[in-house]
Amino acid sequence: MGKIIFLDVDGTIVDYDNHIPDSAKVAIRKARENGHLVYVCTGRSKAEMPEEIWNIGFDGMIGGNGSYVEHQGKVLMHQLIPFEIAKQVVDWLEARGLEFYLESNNGLFASRNFRDAARPILRTYALGKGASEDQVSNMEAEDALHGLIYGGELYRDDLNKISFILHSYRDHLDSQKAFPDLKAGTWGGRGEAALFGDLGVKDINKAHAVDVILQYLGASRSDTIALGDAKVDIPMLQACQIGVAMGNGGVEILAIADMVTDDVRQDGLYKAFEKLDLL
């Protein structure tokens with residue numbers, strides 16, 4: 001066995017216009033041909049992974065920021081938000097007038113008015129992550145979030161995470177108080193501004209999921225490499241022997257990384273793989 005590589009998706013494999021640099025595809029395929037294992041390690045749920053990404057070829061997936069772990073088609077771990085708590089969250093969001101989507105491996109189930117409410121927010125998000133005005137001028141929620149479903153059942157027992165549009169930071173703070181048994185976070189554009197709140201399984205993160213895979217493989221942490229661009233990726237980078245931050249990363253991850261590569265749009269993933277002798 002060669003190295004074990006964990007890759008964030010948004011801002012690492014794909015840019016914030018959902019474009020995959022050809023160099024990234026080449027790097028991942030060459031690394032696997034050379035005997036290295038490559039996993040996606042993302043906040044996305046499986047339904048949010050389009051074929052264009054899967055067809056690159058991976059050895060497995062960590063999804064939902066660590067709630068779901070899969071190796072070569074075998075599910076190693078899947079921790080879900082309990083149904084009764086998920087139902088309470090939906091009711092709470094609707095009562096506050098907050099539009100949301102429910103993240104599961106079976107789809108991203110959106111609230112009734114999510115499309116219209118999300119349009120300006122997701123454009124702001126993409127702009128903050130480096131997209132141009134031209135690239136986002138016609139962006140719809142479906143362009144940014146693969147797997148969105150409207151009109152589906154919103155009381156669900158298959159949820160990895162729940163994301164919701166913030167009216168203000170107070171919504172996030174109140175969600176922490178309302179649901180102490182869940183992990184509350186925020187995500188957004190430049191500087192990881194708080195545009196969305198999210199609620200997920202408590203005591204779960206990407207580092208924990210990395211440990212699940214290493215234990216299953218009987219592998220050593222000394223053989224691990226992680227690449228990411230956001231604050232949520234920091235536990236993953238710290239859990240691996242070598243942590244690489246993308247050049248488009250936030251200030252927090254740039255500060256803790258063992259190595260900083262170029263921007264995702266400037267072949268950053270390929271250049272990192274080349275420097276680490278994975279190709």
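Student: Which strands does helix H8 lie across, and at what angle does the helix run to E5?
Tutor: Helices (H or I, at least four residues) and strands (E, at least two) are DSSP runs numbered from the N terminus, contact means heavy atoms within 4.5 Å, and angles run from 0 to 180 degrees between the N-to-C directions of axes, which are lines fitted to C-alpha atoms, for helices over the stretch in contact. Here H8 (residues 206–217) lies across E1 (4–7), E2 (37–41), E3, E4, E5 and E12 (224–228), and runs at about 140 degrees to E5. This is a predicted model, in which local features need pLDDT of at least 70 and side-chain atom pairs count only at pLDDT 80 or more, whereas totals for chains, interfaces and linings use all residues. Residues are numbered from 1 along each chain as its sequence is written, and side-chain values use heavy atoms, with hydrogens and water left out.

Student: In what order do the strands of the open sheet of eight follow one another?
Tutor: Strands of a sheet pair through backbone hydrogen bonds, either parallel or antiparallel, and two strands count as paired if DSSP finds at least two bridges between them. The order is E5-E4-E3-E2-E1-E12-E13-E14, with mixed pairing. E5 (74–78) and E14 (259–260) each have a single partner strand, so one side of each edge strand lacks a neighbour in the sheet. Within this sheet, E3 (residues 60–63) and E4 (residues 68–71) are antiparallel over four bridges, with Gly63 opposite Tyr68 in E4.

Student: What is the strand order in the open sheet of six, and how does H4 sit on its strands?
Tutor: The order is E8-E7-E6-E9-E11-E10, again with mixed pairing, and the twist averages 25 degrees from one strand to the next. E7 (residues 107–110) runs parallel to E8, joined to it by three bridges, and Leu108 stands opposite Leu148 in E8. H4 lies across E6, E7, E8, E9, E10 and E11, at about 85 degrees to E9.

Student: How is the chain divided into domains?
Tutor: Domain bounds come from an automatic or database domain assignment, which here gives domain 1 (4–78 + 204–276) and domain 2 (83–200). Their centres, taken over C-alpha atoms, are separated by 23 Å, and the contact takes 22 residues from domain 1 and 22 residues from domain 2.

Student: Which domains supply the lining of the largest pocket?
Tutor: On a 1 Å grid over the protein atoms alone, a pocket is an open set of points where a 1.4 Å probe fits, with protein on both sides within 12 Å along at least five of seven lines, and lining residues have an atom within 4 Å of a point. Domain 1 and domain 2 each give at least three residues to this lining, and E10 gives the most, with five residues.
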